[in-house]
Amino acid sequence: MQIRNLEKIIQSIPTSDGGGVKLRRSLGQSSTLRLDPFLMLDEFSSDNADDYIAGFPDHPHRGFETVTYMLDGQMLHQDHLGNKGELKSGGAQWMTAGRGIIHSEMPQQESGRMRGFQLWVNLPASEKMKPAAYRDIQPEDIPMLTLKNGTTVKVIAGTAVLDGNTIHGPIQGISTEPLFLDVHLPAGETFTQVVTDSHHAFIYPYEGQAAIGPKADQRLLAPQSAGVLSAGDCIEVNAKETVTAFLLLAARPLREPVVQYGPFVMNTRDEIEQAIADYQNGELV
Ligand code: MN
C-alpha cells in the first residue's frame, strides 16, 4: 500500500459570484490552481441572507460538469430544458453542461444558514458537445455508513470500500470516474480509503484540521483549504484533537489542454470563441 502524501495546499480566498453570493474559492482561483479534471471548488457558508440572497440568476455553461452539494439550506434549480429541482440540505445536483445549458440557482429561504459546495469537473474533448443532462439527488439517495471507529461517510459519487463494505454512490458511469465522499471523523480517529493509484485526489476540510499521509510523515491541512495529494493507492486522514469534516475527491485526469473563459471550458481558443458566438446568437443550447 502506497499511502498518499499531502503535496500542495491551496488556501481558499474570499470572493463572490453569481448575483453577488459570498463564497470561498480554493481550486480554480487561477488557471494554475486546478487539479485535472477538477476545475474549481467553491464553498458558500453564511447565516446572513445578504451574503446569499441574490443567488445565481440565469447564466450559461459549456464543456464541463457542475456539482452542487448542500449541507444546509434550500436552492431551486431551473434550466432551459424545463428541469426544475429543489436542492435540500444533504442533497446534491449533478449537471452535465455538455454543449450548453442555461440555468439559475436561487435560494428558497430569506433567513437562516446556507452552506454547501460547488465543484466543477471537466469533460473529455469527445464529450464537451454532448447534450446537456441534469440529475437531482435527494438526501435519502446518498448512502451513509457509520464505521466501527464512529466515522460517518456519505458516498455522493463513485464507489467506496469502507470497513470491507463496497458502497456505490448514486453517481456512476462518468468517464472521469469521480469519487466524492463527505467524511465526519471523530477526534483522534483515522480514516482510510483505497483509491486508484493514477487518479488525482484532494481533501477539503470544512470543519477542523486534517492530518494527512503516513503516520511517520503527516502534514496538517487547515480548514477551508484544498490539499492536493501525491500518487498512491491509499488515502489516510487523521482528525487529531477535534472532529474533522472533509470532502474527499478523486478522479481520472484527462491530460488535455484547458482553455477557460468564465463559464465556458473548452480545449482551444477557437472553441471558446465559438461558445461565445453561439451564446450571443442564442445557439448555445
Ligand atoms: Mn451554474
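Okay, let's start with strand β11, residues 114–122: nine of its nine residues are buried, so the strand is largely enclosed by the rest of the structure. Before I go on, keep in mind that this is a predicted model.

What covers β11, one face or both? Both faces are covered. On one side you've got Met-114, Gly-116, Gln-118, Trp-120 and Asn-122, on the other Arg-115, Phe-117, Leu-119 and Val-121, and all of them are buried.

Now, the partners of β11. Strand β4, residues 38–46, pairs with β11 in the antiparallel sense, over eight bridges. If you want a spot to click on, Met-40 stands opposite Trp-120 in β11. Then there's strand β6, residues 64–72, which also runs antiparallel to β11 and is joined to it by eight bridges. There, Thr-68 has Gln-118 as its bridge partner in β11.

Let's stay with Gln-118 for a moment. It sits in strand β11, and its relative accessible area is 13%; the cut-off for buried is under 20%, so Gln-118 counts as buried. What does its side chain pair up with? There's a polar contact of 3.2 Å between the side chains of Gln-118 and Glu-105. Leaving aside neighbours within four places in sequence, the contacts of Gln-118 include Met-40, Leu-41, Asp-42 and Phe-44, plus Thr-66, Val-67 and Thr-68, and Glu-105 again.

On to the metal. Which residues hold the manganese ion? The protein donors are His-59, His-61 and His-103, each through NE2, and they lie 2.1 to 2.2 Å from the ion. Along the sequence the donor spacing reads H-x1-H-x41-H. The pair His-61 and His-103 links distant parts of the chain, with their positions 42 residues apart: His-61 is in strand β5, and His-103 is in strand β10, residues 101–107. Both His-61 and His-103 are buried.

Those two strands turn up together in a sheet as well. It's an open one, four strands, in the order β5-β10-β7-β8, with antiparallel pairing. The edges are β5, at 56–61, and β8, at 84–87, and each of these pairs on one side only. Ignoring direction, neighbouring strands in this sheet are turned by 20 degrees against each other on average. At the β8 end, β7, residues 75–79, pairs with β8 in the antiparallel sense over four bridges, and Leu-76 stands opposite Glu-86 in β8.

Last topic: the nonpolar packing. In soluble globular proteins, nonpolar side chains tend to be buried together. Here, the largest nonpolar core has 29 residues, and those with the most contacts inside it are Tyr-69, Leu-119, Phe-180 and Phe-202. Strands that each supply at least two residues of this core include β4, β6 and β11, along with β19 (200–207) and β24 (244–251). Which strand gives the largest share? That's β24, with four residues.

Apart from this core lies another one, of 25 residues, among them Leu-6, Ile-203, Val-237 and Phe-246.

And what does Phe-202 touch, once you leave aside its neighbours within four places in sequence? Its contacts include Leu-27, Leu-35, Phe-38 and Leu-41, then Leu-119, then Ala-226, Gly-227, Val-228 and Leu-229, and also Leu-247, Leu-248 and Leu-249. So to close where we began: Leu-119 is one of the buried residues of β11, and Leu-119 is also among those with the most contacts inside the largest core.

Key. Residues numbered from 1 in each chain as written. Predicted model: local features only at pLDDT ≥ 70, side-chain atom pairs only at ≥ 80, totals over all residues. Heavy atoms only, no water. Pairing = 2+ DSSP bridges. Axes fitted to C-alpha atoms, helices over the stretch in contact; angles between N-to-C directions. Buried < 20%, exposed > 50% of the residue type's maximum accessible area, 1.4 Å probe, protein only. Polar contact = N/O pair within 3.5 Å; in protein donor to acceptor, adjacent residues only side chain to side chain. Contact = heavy atoms within 4.5 Å. Donors = N, O, S within 2.8 Å, 3.2 Å for Na, K, Ca; no water. Core = buried A, V, L, I, M, F, W, Y, C linked by side-chain atoms within 4.5 Å.
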